[in-house]
Amino acid sequence: MKFSRASGILLHITSLPSAFGIGDLGPKAFEFVDLLVNARQKYWQILPLGQTGYGNSPYQCFSAYAGNIYLVSLEKLVADGFLSLADLEDAPLSIVDKVDFESAVCFKLPLLKRAFENFRQTSDDQIVGEFHGFCDTNAYWLEDYALFQALRSANDDAPWLDWEEPLKLRHADSLDTAKRDLDDEVFAQKFYQFAFFRQWFALKSYANSKGIRIIGDIPIYVAFDSSDVWCGQDQFKLNDDGSPSVVAGVPPDYFSKTGQLWGNPIYNWEKMRSEGFGWWVSRVRFNLSLFDIARLDHFIGFTRAWEIPGKDKTAERGQWVPVPGLDLFSTFRHALGDLPLLAEDLGDLTPEVENLRDSFGLPGMRILQFAFGGDALNLHLPHNYVQNAVVYTGTHDNDTVVGWFQSKKKVKKGTDTSLERCSKYMQIDPREIHWEFIRTALASVADIAIIPMQDLLGLDNKARMNVPATTDGNWSWRYKDGDLTEAIATRLTELTELYER
């Protein structure tokens, strides 16, 4: 699909300001849409919206479909009559520039439960009808997910692999008994999802009405402890007891000397192909209903998978196994038509990856922070860009531009020439390095240019979103009210207009 020349900002929902410990789908999200409009931007890119678990990573969720209930706006629930203003007292305001995940869960979960109890008592036939319509439309994933979460709660949040065997291996009579015994909690889980998607689609509708398109994110893999794996065990490479025989990751690379051990189960691609890739078509169709454009994370994984023995502690002993990506994407095109997808084609860009990407007209990614290693043929240097591409100053996995610059200055002279190459390619003023990267990205021929909010604000590595191959302190950065000043917005507007974005 061809995309028009435009630009936007990368900012996850959790990074929005709020009084409740975590950014949400409430008033500040709508205000951010207005900020984008005022700065002449056309895109808002976010990270996956799924329900996170241990580690709070949006790339390790309990479902490929379900939304993160802690992004539900309590203020919106007040407006709907399911909570009162008094319920919002004592909000966890203590840490305003970081997500306080623990406080957010402790504060919001009891209120979500209270909202559910109030919903059960409502006499509003319209919203009850909306709820039942939502449940009917989404029954193909919602029934399993709601039971999965109810069972996790009943098993002290233990992963499904640790449940009693009849439930772990989904014996029909045990599932029927669980549905009856856990009916109230299943009902509650459905309500939480209803509240999330009702608010999400209201936000998306508002953004679209203002000319803002949402770029979402589809992780290539799902978490092992997810309703998807529990309910579709034959779709993954598992042992007879349900444990993963092999897990996903990437070999040693720029980010990690021992590779990245993600731990996600690997798909049983031959089984999926024999079933017409129905699992994947359903998943992508659902995501394209949520977003205007979707980024496919780890696109190289659609040509081959780095399969690591299930019990290994690092990713070093993996092996590449082919994946039927051409058949999969041909099925997508037949079932879904034009594909408003972006390919995160970073890493080992083999001819097979390029062929898959280009055969379906998908834009690849270019990262300015990667541009200054190597020679003049480096694909991330702007003079090598093609129009059908998306350029970023950096991604959620990179340091900020200011952090990158500061770290390069500390490197022993002669061991890394990136900064020297950068200074020859663009003007470097230490106080303005982030603006020079932004200007270079916007000036490039790439159809889409995306700027992480941290780079727009000129923040250092304390504002980094994620450090790959680590588990502590990630995903927590937030910006504060007033950070995006009128002067910053005006400067972005001027550059956007100068380069016809």
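Let's start with phenylalanine 201, which touches Ser289 and Leu290 once residues up to four places away in sequence are set aside. Keep in mind that this is a predicted model. Phenylalanine 201 is found in helix 8, and at 35% relative accessibility it counts as partly exposed. If you look for isoleucine 69, you'll find it 132 residues from phenylalanine 201 in sequence and 14 Å away in space, C-alpha to C-alpha.

## Two helices that pack

The touch between phenylalanine 201 and its partners is part of a helix-to-helix contact. Two packed helices are described by the angle between their axes and the distance between the axes. Here, helix 8 (residues 183–209) packs with helix 11 (residues 278–290) at an angle of about 55 degrees, and their axes are 10 Å apart. The two helices are therefore oblique to each other.

Who takes part? On the helix 8 side, Phe197, Trp200, Phe201 and Lys204 meet Phe286, Ser289 and Leu290 of helix 11. Sorted by class, that contact has five nonpolar residues, one polar and one charged.

## Aromatic pairs

Now for the rings. How many aromatic pairs does a search of the whole structure find? It finds 54 of them. A pair of aromatic rings is described by the distance of the centres and the angle of the planes. Here are two examples.

| Pair | Centre to centre | Angle between planes | Arrangement |
|---|---|---|---|
| Phenylalanine 20 and phenylalanine 107 | 6.0 Å | 10 degrees | stacked |
| Phenylalanine 119 and phenylalanine 194 | 6.4 Å | 40 degrees | tilted |

The stacked pair of phenylalanine 20 and phenylalanine 107 links distant parts of the chain, 87 residues apart. Phenylalanine 20 sits in the loop between strand 1 (6–10) and helix 1 (27–38), while phenylalanine 107 belongs to helix 3 (residues 101–120). Phenylalanine 20 is buried, with a relative accessible area of 4%. Phenylalanine 107 is buried too, with a relative accessible area of 14%.

As for the tilted pair, phenylalanine 119 lies in helix 3 and phenylalanine 194 in helix 8, so the pair ties together parts that are 75 residues apart in sequence. Phenylalanine 119 is buried, and phenylalanine 194 is as well.

## Arginines over rings

Rings also turn up with charged partners. Arginine 170 lies over the face of tryptophan 230, at 4.4 Å from the ring centre. Arginine 304 does likewise with tryptophan 320, at 3.8 Å from the ring centre.

Aspartate 144 brings us back to that first arginine and its tryptophan. Which residues does aspartate 144 contact, leaving aside its neighbours within four places in sequence? They are Arg170, Ser227, Trp230 and Cys231. Aspartate 144 lies in helix 5 and is partly exposed, with a relative accessible area of 28%. Along the chain, aspartate 144 and tryptophan 230 are 86 residues apart, and their C-alpha atoms are separated by 9.1 Å.

Helix 5 (residues 139–154) also holds arginine 152. Is arginine 152 buried or exposed? At 9% relative accessibility, it counts as buried. Leaving aside neighbours within four places in sequence, arginine 152 is in contact with Phe62, Asp157, Ala158, Trp163 and Asp225.

## A buried tryptophan

Further along the chain, tryptophan 404 lies in helix 14 (residues 401–410). With 3% relative accessibility, tryptophan 404 counts as buried. Its contacts, again without neighbours within four places in sequence, are Gln369, Phe372, Asp399, Ser418, Leu419, Cys422 and Phe437. Alanine 146 is elsewhere: 258 residues from tryptophan 404 in sequence, and 43 Å from it in space, C-alpha to C-alpha.

## Two positive phi angles

Finally, a look at the backbone. Arginine 40 has a positive phi of about 65 degrees although it is not a glycine. You'll find arginine 40 in the loop between helix 1 and strand 2 (43–45), where it is partly exposed, with a relative accessible area of 45%.

Tryptophan 475 is not a glycine either, yet has a positive phi of about 65 degrees. The place to look for tryptophan 475 is the loop between helix 17 (453–456) and helix 18 (486–498). At 6% relative accessibility, tryptophan 475 counts as buried.

Key. Residues numbered from 1 in each chain as written. Predicted model: local features only at pLDDT ≥ 70, side-chain atom pairs only at ≥ 80, totals over all residues. Heavy atoms only, no water. Axes fitted to C-alpha atoms, helices over the stretch in contact; angles between N-to-C directions. Helix = DSSP H or I, 4+ residues; strand = E, 2+ residues; numbered from the N terminus. Parallel < 35°, antiparallel > 145°, perpendicular 65-115°, else oblique. Contact = heavy atoms within 4.5 Å. Nonpolar A, V, L, I, M, F, W, Y, C, P; charged D, E, K, R; others polar. Phe/Tyr/Trp six-rings, centres within 6.5 Å; stacked < 30°, edge-to-face > 60°. Buried < 20%, exposed > 50% of the residue type's maximum accessible area, 1.4 Å probe, protein only. Lys NZ or Arg CZ within 6 Å of the ring centre and 35° of its normal.
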